[in-house]
Amino acid sequence: MRLFRALAPVTAAVALVLGTPHEALPHEYPDPFGAECRIAVDGSHVVAHCHNPYADIDRVTLHIECARWWDLDTDGTPVDTGPALTVRLTGRCWMEVDRAWVTHEKV
């Protein structure tokens with residue numbers, strides 16, 4: 001009997017936590033972040049358009065990897081993309097482009 005009295009508050013607390021509906025528990029959603037970027041490669045030229053629909057500033061950088069071993073790969077200058085803004089990033093290789101991508105950084 002004493003054991004039951006000692007465990008009664010703990011049992012009630014566990015029952016309350018386990019019995020709480022999932023919808024009632026707080027949800028933490030990450031803040032939306034990141035500009036949407038579209039990259040186009042035309043021969044040796046690369047153009048990226050990045051649009052930021054969110055409230056936080058997104059610092060975007062264009063990176064280009066060239067196909068030829070002697071052609072220099074490039075990392076563009078970071079550009080701050082404010083809320084509701086679209087920026088244009090450009091770069092090129094001397095010959096063919098192997099791949100191009102954009103990185104994002106919170107400011």
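D42 stands opposite H45, a residue of β2. In this predicted model, that pairing belongs to a longer ladder: β1 and β2, the latter covering residues 45-52, run antiparallel and are joined by seven bridges. Further along the ladder, R38 faces H49 of β2.

The two strands are linked as a hairpin, with two residues between them. One of the residues in the turn, G43, has a positive phi of about 70°. S44 also lies in the loop between β1 and β2.

Is S44 buried or exposed? S44 counts as buried, because its relative accessibility is 13% and the cut-off for buried is under 20%. Which residues does S44 touch, leaving aside those up to four places away in sequence? They are G91, R92, C93, W94, M95 and V97. Of these contacts, G91 and R92 fall within β6, which spans residues 85-92.

The hairpin is part of a wider arrangement. β1, β2 and β6 make up an open sheet of three strands, in the order β1-β2-β6 and with antiparallel pairing. β1 (36-42) and β6 (85-92) are the edge strands; each has a single partner strand, so one side of each is left without a neighbour in the sheet. From one strand to the next, the twist averages 15°. As a general point, the strands of a sheet pair through backbone hydrogen bonds, in either a parallel or an antiparallel way.

The rest of the picture concerns the protein as a whole. How many helices and strands does the protein have? There is one helix, and there are seven strands. Along the sequence the helix comes before the strands, giving the pattern α-β-β-β-β-β-β-β.

Contacts and surface complete the description. Taking contacts between residues at least 6 apart in sequence, 66% join residues that are at least 24 apart. The protein has 107 residues, and buried ones make up 21% of them; S44, in the loop between β1 and β2, is one of the residues that count as buried. The exposed surface of the protein comes to about 8,100 Å², and carbon and sulfur atoms supply 60% of that area.

Technical notes:
Residues numbered from 1 in each chain as written. Predicted model: local features only at pLDDT ≥ 70, side-chain atom pairs only at ≥ 80, totals over all residues. Heavy atoms only, no water. Helix = DSSP H or I, 4+ residues; strand = E, 2+ residues; numbered from the N terminus. Buried < 20%, exposed > 50% of the residue type's maximum accessible area, 1.4 Å probe, protein only. Contact = heavy atoms within 4.5 Å. Areas by Shrake-Rupley, 256 points an atom, 1.4 Å probe, with all protein chains shown as cover. Pairing = 2+ DSSP bridges. Axes fitted to C-alpha atoms, helices over the stretch in contact; angles between N-to-C directions.
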